[in-house]
Amino acid sequence: MANEKRKKLTPVQQEYHLFEKERETKRPVVKNCIRAFFVGGLICVIGQAISYFYMYFFDFTEQTVGNPTVATMVFLAMIFTGLGVYDRIAQFAGAGSSVPVTGFGNAVISAAIEHRTEGFVLGVGGNMFKLAGSVILFGTFAAFVVALIKTIAVKWGGLG
Amino acid sequence: MRKYVTMLMVVTLLIVGCAREKEIKQQSLQGTNMIKTNRDGTAYSYKVNQSIAKQAVQHIKARKEVRDAVAVNTSKKLLVAYQVKHMHRFRMKQIKKDIEQQLKQLFPNHKIIVSSDLKIFWKTNELRDKINKDGMNEKQINKQIKKLKKLSEELT
């Protein structure tokens with residue numbers, strides 16, 4: 001709790017706050033970070049293997065291989081979410097499984113599964129992009145801002 | 001459990017279905033090989049001199065950022081593919097510019113095509129091996145180089 005807020009508390013509440021702070025279980029931040037690092041890295045290794053597969057067996061270059069790789073990874077994550085495997089991985093790895101693009105597939109399908117009982121239109125259709133929608137919105141917006149900055153830097157700053 | 005097994009089977013079947021395409025491709029390549037061996041004698045007299053490509057590879061490999069390079073040439077074109085060392089990949093654009101300039105100075109009579117793409121590297125290596133082994137004529141090599149140039153310029 002923030003310091004300013006704590007000053008407004010009564011002495012009894014403050015005492016309880018200290019009591020509680022002593023006994024609560026500490027968040028294992030370092031352990032979580034290490035797990036996320038390794039599982040996230042593993043997902044990236046799989047993605048790299050898939051992109052090499054596409055480059056080797058089909059006519060994709062390093063430039064163009066991104067699209068089919070991303071599509072495959074999202075598709076795999078969707079299947080694993082449906083089978084209930086991805087939830088287990090996410091429970092273990094935390095951010096490591098939600099930051100890569102596979103987390104996007106998971107967000108879409110888990111929302112769809114959750115709202116299945118409400119029907120296809122208002123349930124699945126309406127709620128599928130509940131979380132993924134904000135990913136798309138802010139992703140597009142961030143891309144716009146970055147492109148704007150780059151354009152300004154190149155035109156006026158003489159960069160690039 | 002049963003659903004899971006069926007699912008796995010479907011996925012495996014899908015993947016196996018994709019894998020067949022390669023075989024068909026190879027079969028068609030074998031066909032072209034057979035035609036070539038039929039007029040073996042004429043094909044060999046057309047063999048294109050690859051000394052310029054060898055020179056180019058030597059010059060590029062001498063750069064400290066380049067890990068490996070391959071090249072193929074005809075009388076008018078020179079295709080060079082190289083790989084950049086890991087930490088130097090941040091300066092990819094500048095390296096490409098430098099190499100292009102260097103090659104243009106060294107071989108002013110050739111049209112130079114430069115690529116750092118791994119796929120182009122593999123393909124160029126394949127083409128070079130094929131030239132050394134089967135001795136393709138200039139027209140065929142030109143066609144392949146054109147194809148690779150088009151591939152390297154693809155953006156989507």
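Analyst: In this predicted model, a helix is a DSSP run (H or I) of at least four residues, numbered from the N terminus. Just after one of these, H5 of chain B, B:Gly135 takes a positive phi of about 65 degrees.

User: How do you know that H5(B) is long enough to be called a helix?

Analyst: A helix needs at least four residues, and H5(B), residues 118-134, has 17. So H5(B) passes the length cut-off. From first C-alpha to last, H5(B) reaches 24 Å, close to the 24 Å expected at 1.5 Å a residue.

User: What sits at the start of H5(B)?

Analyst: There, a side-chain oxygen of B:Asp117 comes to within 3.1 Å of the backbone nitrogen of B:Lys119. A polar contact needs an N or O pair within 3.5 Å, so the distance fits that cut-off.

User: Which residues of H5(B) are buried, and what do they pack against?

Analyst: B:Leu118, B:Lys119, B:Ile120, B:Phe121, B:Thr124, B:Leu127 and B:Ile131 are the buried ones. They pack against helix H3 of chain A, plus strands S1, S2 and S3 and helix H6 of chain B.

User: Why is A:Leu83 called partly exposed?

Analyst: Its relative accessible area is 33%. Buried means under 20% and exposed means over 50%, so A:Leu83, at 33%, falls in between.

User: What makes A:Leu83 part of a bigger picture?

Analyst: A:Leu83 lies in H4 of chain A and belongs to a nonpolar surface patch with about 960 Å² of accessible area together. Helix H4 of chain A and helix H1 of chain B each supply at least two of the patch residues, and H1(B) gives the most, with 5.

How values were computed. Residues are numbered from 1 along each chain as its sequence is written. Chains are lettered from A and ligands numbered from 1 in the order in which they are written. This is a predicted model: local features need pLDDT of at least 70, side-chain atom pairs count only at pLDDT 80 or more; totals for chains, interfaces and linings use all residues. Side-chain values use heavy atoms; hydrogens and water are left out. Patches are made of residues with over 30% relative accessible area and no salt bridge: like charges are joined within 9 Å, nonpolar side chains (Val, Leu, Ile, Met, Phe, Trp, Tyr) within 5 Å. Accessible areas come from the Shrake-Rupley method with a 1.4 Å probe; for residues, only the protein chains shown count as cover. A salt bridge is a side-chain nitrogen of Lys or Arg within 4 Å of a carboxyl oxygen of Asp or Glu. Buried means under 20% relative accessible area, exposed over 50%, partly exposed in between (1.4 Å probe, protein chains only). The expected span of a helix is 1.5 Å times one less than its number of residues. Contact means heavy atoms within 4.5 Å. A polar contact is a pair of N or O atoms within 3.5 Å; within protein, one must be able to donate a hydrogen and the other to accept it, and residues adjacent in sequence count only if both atoms are side-chain atoms.
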